[in-house]
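Please open the model in your viewer and keep a selection panel at hand. The tour below moves from one selection to the next and says what is to be found at each stop.

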Amino acid sequence: MTVHPLRRLPLRIRLILGFAAAMLVVLIAAGAFVYWRVQYALDSRLADDLGSEVTDLQRAAILTPDATSALASLGAQGRDAQLLDRSGRVLATGSGFQGRPALLTPAEVGAATSRPVSTARGYLFSRRGRHLRIQALPVRGSGPAAVAVAAVRLDQRDEALRELLGQLTLANLGALAIASVVGYRLARAALLPVERYRSRAEQIAAGATGVRLDVPDSVDDEVSRLGHTLNTMLAAQEQAASQQQQFIDDASHELRTPLTVLAAEIDLALRRPRSAEEYETVLLRLADDTDRLVELADDLLLLGTQTTSVPQRQQLSAADLLDGAAARARASLTSGPAREVWVSAATGVTVDADPVLIRRALGNLADNAVRHGAGTITLTAAPFSDTRLGEVVLTVHDEGPGMPVEFLPHAAERFRQAELSRAGEGNGLGLSLVDAIAVAHGGQLRLCSTGHHHRQPTPNSQLDDQPCTHPVTGATASLLLPAPADAPRPEGDRA
C-alpha cells in the first residue's frame, strides 16, 4: 500500500502545513477583496470623469461643425480626445495623441456611430501611457465628425494598484510567517505530552513495571484525559499480568503436587512384585488421585476460558437448579454423618443464565457446604428484596461454624483455603469459579458467616447497596443472578 509523502512527515509538521495552507487561502481571499474594493472605487471615479469628457466633446462636435475648432474649444480637457469620421479617419486629435492612429478599430468605429462604445487598451503592467480606457459616442451633427472619442490614462490608477498589490503581498507573507511560527509552537506545546507518553511507553515496552504517564492534575483537556485513561489501562494490564502470573505459579504448584504423588505411588508399586489385592489397592488410590487431578485441570480450564459475558443464556427454573444441587449434596453425604438437605423455592422464580455454568456454581457451593459445613443444608431461591433490580437470590446455608471472619475477603481467591480446611478435599478453586460465573452473568457472590458479610466485587454497583437476608448463625453463600425480563411472578414456596 502506497503511503502519501505527507503522511511520512511528523504530526506537528503536518498540522502547521495544514494551518498555513488554510491561513494562505484566508489571506488571499481577504487581499483579493481589498484589491477589488480599491480597484472598483478608482475605476468608478475614472469612469465618471471619462463620461463627462466624452459628453462635452460630443456636444462641442454637434455645435461646431469644424472638427479642429470643436476639439480646441475644450482646451486642456480635449488633450486625450479624437474626432473621427465614419470611415475611422482622424479628423482632429488632442495634444496627447498627436501622431498616433485612431483610438478605435474600424469595427468599433462602425458600432460607435450608432451607440456608445467602451473599450480599453493595455493592462495593469503596461508601459507608462499605454494603458487606456476609451469611451466613444456618436455625433449626429452637420459636420463631418461621426464619432467623439475620449480616453483616460490609467498610469496613476495602475501605480496605486501595483503598490497595493505589493503591500498586500508583503503583509500577507508576514502574517503567514507569524501565524506559522505561532501555530508551530502551539502544536509543539500541545503534542509535547504525547511525546512524553511515547517515551514512557517505550520504557514499558522494554519491560519496566510500575511506570505511569506523567499527567498534570491542573490540566483537563483531550491529551490529559487520554493520559489518565492510559494510566488506568496500564494499571489494569499490570494487575491482569500479575494475576495471570500468580495464577500460573499457583497452577504449576497445584498440578505438581498430585503429579508427584502419582509418580511416587507408581514407582513404589513397581519396586517389587505384589499380589492382585495390593495392585488393586494401588490402582484405586491412583484412580482417586487421577480424579482429583482431572477435577483440578477442569477447574483451571474453566477459569481460563471464562469471560465477562455469557452468550448461552436461558430462562431456567430456580427450583430445578436447586434440586440438582441438592441431589449432588445428598450423594456426597451418603458416606458421612447423617445430615439433611432441604430445598425451599418459589415455583415461579426463574433466572436468566447459562445452565451448565449455573449448575456448576451451585454444585460447588453445595460441595463446600458438605465438606466444610455441618448440620442441615438449606438451598433457597427468592426474588431480591429490591424488586426493581430484577435479581434472584440463590442461597446455600449450613449450620456449621463458618469461615474465619478475616478469611472472608480472600475466600474466592484462587488456591486460597482457610487453615481449618487445608487438610480436607478441594483445590481452592471452587469459590473462584462461582465468583467468575456470577460476574459473567452480571450478578454477585456473597459469603456470610456468623453475622459477618462479604460482597465480592461486581460491575453491577447497585447490588452492593442491598442488605443480605439469611439466618444469623451458620454459613451462607448467596448467588445473585438476573431474572428474565418477562419472568412470571412467584406463586409460593415448596419444600
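Select phenylalanine 33 to begin: with a relative accessible area of 51%, this residue is exposed, where exposed means over 50%, buried under 20% and partly exposed in between, computed with a 1.4 Å probe and protein chains only. The model is a predicted one, in which local features need pLDDT of at least 70 and side-chain atom pairs count only at pLDDT 80 or more, while totals for chains, interfaces and linings use all residues. Residues are numbered from 1 along each chain as its sequence is written, and side-chain values use heavy atoms, with hydrogens and water left out.

Add tryptophan 36 to the selection; its relative accessible area is 43%, so tryptophan 36 is partly exposed. Phenylalanine 33 and tryptophan 36 are three residues apart in helix H1 and therefore separated by about one helical turn; helices here are DSSP runs of H or I with at least four residues, strands are runs of E with at least two, and both are numbered from the N terminus.

How many aromatic pairs are there? The count comes to two, on the rule that rings of Phe, Tyr and Trp (its six-membered ring) pair if their centres lie within 6.5 Å, with planes under 30 degrees apart counted as stacked, over 60 as edge-to-face and the rest as tilted. The ring centres of phenylalanine 33 and tryptophan 36 are 6.2 Å apart and their planes stand at 40 degrees, so this pair is tilted. Including Tyr40 in the selection shows the cluster into which ring pairs link Phe33, Trp36 and Tyr40.

Next, select valine 34, which is placed in helix H1 (residues 11-63) and, at 35% relative accessibility, counts as partly exposed.

Now move to the core. The largest nonpolar core has 43 residues, and those with the most contacts inside it are Leu362, Ile377, Leu379, Leu394 and Leu479; such a core is a set of buried Ala, Val, Leu, Ile, Met, Phe, Trp, Tyr and Cys residues joined through side-chain atoms within 4.5 Å. Helix H8 (residues 355-372) gives the most to this core, with eight residues. A second, separate core of 15 residues includes Val109, Ala111, Val147 and Ala151.

Finally, display the whole chain, whose secondary structure comes to nine helices and 14 strands. Of its 495 residues, 39% count as buried.
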